[in-house]
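Student: Can you walk me through this one? I'd like to get a feel for the fold and then look at some details.

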Amino acid sequence: MLRIFWVALLGCMAATAVASSVLASPWWWWAAGPLVAVLLLAGRDLLQRRHSVLRNYPVLGHLRFAMEGIRPELQQYFVERNVDGRPFDRDTRSIVYERAKGTDAEEPFGTELDLYAAGREFLVPSMAPRPVRPDPPRVRIGGPDCTQPYDMALLNVSAMSFGSLSANAVLALNTGAVLGGFAHDTGEGGLSEYHLRPGGDLVWEIGTGYFGCRTEDGAFDESEFARKAAHPQVKCVSLKLSQGAKPGIGGVLPGPKVNAEIARVRGVPEGRTVISPPYHQVFSTPRELVRFLARMRELAGGKPVGFKLCVGSRRQFLAVCKAMLAEDVTPDFIIVDGAEGGTGAAPLEFADNMGMPLTEGLLTVHNALLGTGLRDRVRIGVSGKVATGSDLVKRLLQGADYTNSARAMMFAVGCIQAQRCHTNTCPTGVTTQDPRRARALDVGDKSQRVHRFQEATVRSALQIMAAMGVDDPAQLRPHMLQRRTDPQTVRSWAELYPELAPGQLINDAPEAWAPDWRAADPEHFTV
């Protein structure tokens with residue numbers, strides 16, 4: 001009854017204001033109009049039942065929703081410090097932006113980090129530093145069964161699909177890859193003209209939806225795969241088992257993003273949300289996975305073939321290693337994706353709680369391959385918050401052969417970490433299919449930024465290695481990275497995470513690995 005009384009009273013006030021304006025002078029409409037609008041809004045707020053705040057605080061309650069809407073921007077620009085933002089702090093974003101623009105990424109007056117905090121890491125400089133090598137090294141991808149090996153750069157564009165990214169963003173990334181001579185992972189969304197038009201080297205990723213090489217009922221199409229894998233720009237093929245943001249579930253592309261072009265590239269209905277299955281149809285055991293990788297390499301004409309995963313169970317990965325030994329078949333590369341997340345949207349519970357972070361995942365894969373005597377046949381790539389030269393050096397030192405970057409490459413293209421990637425309302429045109437928003441991204445300018453960022457980051461990594469007395473990434477050793485475990489104790493990476501010896505799991509598995517090694521079964525993915 002009270003709300004009815006207030007609505008009636010507001011209606012009388014609005015009617016009185018209108019009548020007074022008409023009788024006094026038409027000029028009073030300028031004052032009466034806003035008043036009437038506010039009164040009508042208040043009446044609507046009092047009658048609606050969805051928001052309790054608005055029923056109790058009509059009109060004023062809208063300020064709460066307005067402030068909530070701009071909270072990320074207020075937090076990012078006015079509240080957070082340079083070193084504590086998430087997922088990427090302001091210092092890291094600034095380094096990427098400055099390198100992409102070709103300006104100096106330097107800061108005066110010392111570090112803002114607490115160097116005595118537990119978990120703080122530092123690289124060990126040498127008393128005999130080396131000259132910085134002028135030519136960035138490359139990594140040969142191609143095992144004993146590969147007939148078309150590929151020389152991979154130390155830093156490449158990580159998996160981001162057309163659909164998740166705008167056409168202009170894909171064009172800028174691939175053009176940057178052409179300028180810098182590094183690889184561009186397509187993501188699982190298929191090969192589009194925007195990947196192919198600039199002419200950059202591609203790692204074609206095949207996910208559980210088999211987009212770009214799927215039959216009408218969603219199965220893997222061997223002939224279509226072979227036809228597209230033969231494209232000269234496709235240098236490697238990657239089978240995605242899982243991704244860091246959401247291991248164990250398939251990707252999701254919202255229906256509003258699935259326009260006619262994306263539907264054609266992926267082979268799916270237009271305007272309908274695309275949900276990739278959580279599992280592959282082509283294999284169900286470790287042995288079948290290994291056999292399918294061999295079949296993919298055969299269909300691809302001997303080009304390098306590998307797989308990507310966010311590591312969960314060490315036992316399951318050891319089962320894959322046992323299958324490799326049993327079949328005498330290995331992938332040419334494995335990409336370890338960290339649970340740190342990535343460009344794809346994911347349920348918060350998965351992003352926060354599922355899968356190993358990149359450090360543990362990389363150590364698991366590196367040591368499993370060492371312990372089974374397979375490490376020299378398989379190259380390891382990593383993706384997970386690689387944005388600076390020090391990030392790159394740390395991952396190489398921990399066991400990786402090369403790195404991929406997604407979000408840092410997005411920063412180079414213009415991303416401002418608005419975190420609206422899944423809403424189709426990206427303010428910079430990077431992750432949207434809205435033509436009006438996407439056209440703001442200038443391909444010519446942003447491709448130069450991608451090139452400059454990659455080049456400057458690799459150069460930074462080479463400078464760091466030279467300061468450590470190292471000429472080549474192969475000379476990096478785990479003891480060159482130190483970690484503070486408490487305010488009084490610093491230990492080397494070699495002490496904290498001892499490496500297995502080549503073949504050690506087969507000959508005499510250490511106590512920490514023995515239970516998982518015994519339980520690993522190449523015929524089952526048992527946890």
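Tutor: Sure. Helices here are DSSP runs of H or I with at least four residues, strands are runs of E with at least two, and both are numbered from the N terminus. Keep in mind that this is a predicted model.

Student: OK, how many helices and strands does the protein chain have?

Tutor: The chain has 21 helices and 15 strands.

Student: And what share of the residues is buried?

Tutor: Of the 527 residues in the protein chain, 49% are buried. Contacts are worth a look too. Take those between residues at least 6 apart in sequence: 70% of them join residues at least 24 apart.

Student: Let's go inside. Which residues touch the most other members of the largest nonpolar core?

Tutor: Met152, Met409, Val430 and Leu476 do, in a core of 67 residues. Helix α7, residues 167–180, gives this core its largest share, with seven residues.

Student: What does Met152 touch?

Tutor: Leaving out neighbours within four places in sequence, Met152 contacts Arg138, Val139, Ile141, Ala183, Val203, Cys236 and Tyr402. There is also a second, separate core of 50 residues. Ile206, Phe220, Val234 and Leu374 are among its members.

Student: Switching to rings. How many aromatic pairs are there?

Tutor: Seven in the whole structure. Start with Trp204 and Phe225. Their ring centres are 5.4 Å apart and their planes are at 20°, so this pair is stacked.

Student: Where do those two sit in the chain?

Tutor: Trp204 is in strand β6, residues 202–206, and Phe225 is in helix α9, residues 222–229. They are 21 residues apart, and the pair links distant parts of the chain. Both Trp204 and Phe225 are buried.

Student: What about Tyr210 and Phe220, stacked or edge-to-face?

Tutor: Edge-to-face, because the planes of Tyr210 and Phe220 are at 65°, with the ring centres 5.7 Å apart. Both residues lie in the loop between β6 and α9, so the pair ties together parts that are 10 residues apart in sequence. Tyr210 and Phe220 are both buried as well.

Student: Which rings form a cluster?

Tutor: Ring pairs link Trp204, Tyr210, Phe220, Phe225 and Phe292 into one.

Student: Do charges come into it? I mean, which residue lies over the face of Trp513?

Tutor: Arg314 does, at 4.1 Å from the ring centre. Likewise, Lys322 lies over the face of Trp517, at 4.6 Å from the ring centre.

Student: Back to α9. Which of its residues are buried?

Tutor: Phe225, Lys228 and Ala229 are buried in α9. They cover an arc of only 100° around the axis, so they are on the same side of α9.

Student: What do the buried residues of α9 pack against?

Tutor: They pack against β6, β7 (234–240) and α11 (286–299). The face of α9 turned away from the buried side carries Ser223 and Arg227, which are exposed.

Student: New topic. How many disulfides?

Tutor: Zero. A disulfide is a covalent bond between the sulfur atoms of two cysteines.

Student: Why is Cys236 not in one?

Tutor: The closest cysteine sulfur, in Cys146, is 7.7 Å from the sulfur of Cys236, and that is too far for a bond. The cut-off is 2.5 Å. Cys236 is buried, with a relative accessible area of 0%.

Student: And Cys310, buried or exposed?

Tutor: Cys310 counts as buried, because its relative accessibility is 7%.

Student: Now Asp145. Where does it lie?

Tutor: Asp145 is in the loop between β2 (139–141) and β3 (150–152). Its relative accessibility is 39%, so Asp145 counts as partly exposed.

Student: Which residues does Asp145 touch?

Tutor: Not counting residues up to four places away in sequence, Asp145 touches Arg297, Asp328 and Arg377. Asp145 and Pro304 are 159 residues apart in sequence, yet their C-alpha atoms are 8.8 Å apart.

Student: What is phi for Asp328?

Tutor: It is near 55°, a positive value in a residue other than glycine. Most residues other than glycine have a negative phi. Asp328 lies in the loop between α12 (314–327) and β11 (333–337).

Student: And what is phi for Lys385?

Tutor: Lys385 has a positive phi of about 60°, and it is not a glycine. Lys385 sits in the loop between β12 (379–383) and α15 (389–398). It is partly exposed, with a relative accessible area of 32%.

Notes. Residues are numbered from 1 along each chain as its sequence is written. This is a predicted model: local features need pLDDT of at least 70, side-chain atom pairs count only at pLDDT 80 or more; totals for chains, interfaces and linings use all residues. Side-chain values use heavy atoms; hydrogens and water are left out. Buried means under 20% relative accessible area, exposed over 50%, partly exposed in between (1.4 Å probe, protein chains only). Contact means heavy atoms within 4.5 Å. Rings of Phe, Tyr and Trp (its six-membered ring) pair if their centres lie within 6.5 Å; planes under 30 degrees apart count as stacked, over 60 as edge-to-face and the rest as tilted. A charge sits over a ring if NZ of Lys or CZ of Arg is within 6 Å of the ring centre and within 35 degrees of the ring normal. A nonpolar core is a set of buried Ala, Val, Leu, Ile, Met, Phe, Trp, Tyr and Cys residues joined through side-chain atoms within 4.5 Å. The arc is that of the directions from the helix axis to the C-beta atoms.
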